[in-house]
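Here is a short report to read alongside the model. Please keep the viewer open as you go.

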Amino acid sequence: MYPSDVKYTKNHEYLKPLGDGTALVGITHYAQEALGDVVFVDMPETGAAFGAGDEFGTVESVKTVSEIFIPSACEVLETNQELEAHPEYVNEDPYGKGWMLKVKLTGDMNPELLDAAAYEALVSAESH
Amino acid sequence: MSELKKTPLFDWHKANGANIVEFGDYLMPVWYGSARNEHLAVVCQAGLFDTSHMATIRVFGKDAYEVLQWCFTRNLDACVGKDAAPLTDGKCVYGVFLDEHGMAIDDSLVYKLADGEYMVEVNASMGGAVARHLAEQGKGRDITVVDLTDKLGKIDIQGPASIRTMAKVLKNPEAVFDKLPYFSAKGHFDPASPLAAQVQLLDGTPVLLSRSGYTGEVGFELFCERDRTVSVWETIMAAGAEFGLIPCGLAARDSLRAGAVLPLSHQDIGHWLYINHPWPFALSFQPSGKGFTKAFLGSKALEEATGAAHTLTFVGQDLRKVDAHAAKVFLDGQEIGTVLTCVTDMAIGRHEGRIYSIASPDKPEGLAIKGLSCGFIKVAGPLAPGTTVELRDGKRAIPVTIATDVRPDRSARKALKSFM
């Protein structure tokens with residue numbers, strides 16, 4: 001549910017470093033479960049630059065429309081075009097087929113990102 | 001705050017993966033696996049809903065008819081079918097209880113079970129309030145009002161496979177389905193009632209079976225004794241599995257009813273004048289549309305109303321929605337009202353200016369149906385169908401079209417025989 005090669009935000013996004021200065025960004029297992037069926041993901045243009053915590057889009061589920069935020073400063077290299085036809089990938093495989101952005105990290109890694117253990121502790125506290 | 005209530009099926013919901021939310025005073029399933037799949041199942045196969053949180057009120061006595069006729073917006077002498085026949089034994093009718101100011105207390109199905117014997121079905125947590133209201137209005141008359149809140153189980157089975165599913169679990173399905181038009185009922189949940197022999201499950205459980213529901217699709221609402229609820233639910237689930245029957249939560253119920261242009265009480269109707277809305281059939285208007293066929297509590301206020309807001313149905317261009325609580329309605333850049341409901345009917349899509357349902361027989365081949373947002377707005381004045389307005393919630397603005405209907409080709413009114 002919370003892979004160890006991924007870093008997490010308190011807002012339930014993740015950043016998965018790919019080892020070459022790039023990373024994948026998406027929402028966590030906890031987030032997709034809380035949202036329910038994802039039906040639409042509104043994403044930024046390729047080339048857009050963001051700082052940590054900037055809003056980069058919205059994810060719409062049967063329940064609500066939620067803003068999603070950038071985990072660490074980056075530039076967007078690619079957005080997951082598959083999600084247009086298959087938004088359910090975000091539910092089915094949030095860290096795999098359900099990725100949203102491929103980014104180039106710019107500047108230092110956001111020091112507030114959580115590791116898997118810390119994030120799991122956070123979500124277990126939220127869901128009591 | 002008092003502890004939240006649970007229906008008899010709460011443990012079943014938990015054990016079967018339901019996502020539980022607070023709804024009124026109750027803890028209810030909002031979805032099990034996927035609200036989208038649940039919505040689609042009801043349109044294409046069938047879904048089972050726990051509606052035991054709704055409240056049933058028994059109203060009986062020599063003057064029960066007169067008190068209901070005074071309190072209810074429908075004319076009980078002229079409300080059944082196209083010919084406006086009287087409400088007779090075994091028939092039910094949708095309408096609203098208003099206060100003296102013409103504002104909605106709650107909407108309801110009123111069942112006539114026998115002369116002087118009625119059943120009134122209202123929304124969750126409204127049993128007490130409506131029962132007190134009826135008792136107050138019937139003061140000094142021969143009428144007894146008994147609030148059966150939390151005394152019964154209620155299960156809705158909705159969707160085209162409902163009929164084949166129920167045919168497997170009923171003792172005498174042919175007799176039960178015979179002459180059972182939309183908005184009629186047979187049987188009784190009370191084993192002591194003379195009606196109880198009419199509808200029984202194979203194990204002998206008596207149920208009141210009503211051909212009605214809150215999805216726009218064909219199906220039934222079943223009332224049973226509270227301690228029978230889990231067994232009735234499990235029997236129906238097992239029988240329907242081969243037809244694709246799945247349990248459904250409140251999210252699917254909400255999106256299905258919006259696509260069927262049905263209001264949610266206290267959200268789409270409520271503490272404002274109950275007039276100028278998409279449900280004029282619920283008011284007993286004269287055929288001319290001017291004035292009512294009877295006087296009833298609140299009718300004077302409605303007749304004298306000036307400047308009342310208009311409630312209108314809308315459909316979006318795609319599946320994107322806005323947050324109804326935050327959204328406002330704009331026409332040509334001017335704010336004109338508020339959004340009451342905005343959800344996505346996942347079973348419909350647009351093609352060349354027309355809306356198709358996934359169940360439409362003439363749906364173009366290969367048409368990908370992704371859903372359309374829909375719901376109700378409350379605005380200052382009337383708007384013609386086809387008018388485009390914009391809904392803005394601060395995050396996004398979506399254009400939507402004023403409409404008279406949303407999901408086409410709904411099954412609710414089709415002959416039961418066509419589903420066997």
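The text below covers three neighbouring strands, one turn glycine and the chain contact.

This is a predicted model, in which local features need pLDDT of at least 70, side-chain atom pairs count only at pLDDT 80 or more, and totals for chains, interfaces and linings use all residues. Residues are numbered from 1 along each chain as its sequence is written, and chains are lettered from A and ligands numbered from 1 in the order in which they are written.

Let's begin with strand β7 (residues 104-114) of chain B (strands are DSSP E runs of at least two residues, numbered from the N terminus). Because 10 of its 11 residues are buried, β7(B) is largely enclosed by the rest of the structure. Buried means 20 or more other C-beta atoms within 10 Å of a residue's own, exposed 12 or fewer, and partly exposed in between, with C-beta atoms placed from the backbone.

β7(B) pairs with two strands (pairing takes at least two DSSP bridges):

| Partner of β7(B) | Sense and bridges | Opposite Y111(B) |
|---|---|---|
| β6(B), residues 91-98 | antiparallel, eight bridges | C92(B) |
| β8(B), residues 117-122 | antiparallel, five bridges | M119(B) |

The hairpin of β7(B) and β8(B) has two residues between the strands, and G116(B) in its turn shows a positive phi of about 70°. G116(B) counts as partly exposed because it has 16 C-beta neighbours inside 10 Å. Its C-alpha lies 5.6 Å from that of A64(B), although the two are 52 residues apart in sequence.

Finally, 12 residues of chain B are in contact with 10 residues of chain A (contact: C-beta atoms, placed from the backbone, within 7 Å).

Definitions and conventions. Contact = placed C-beta atoms within 7 Å. Helix = DSSP H or I, 4+ residues; strand = E, 2+ residues; numbered from the N terminus.
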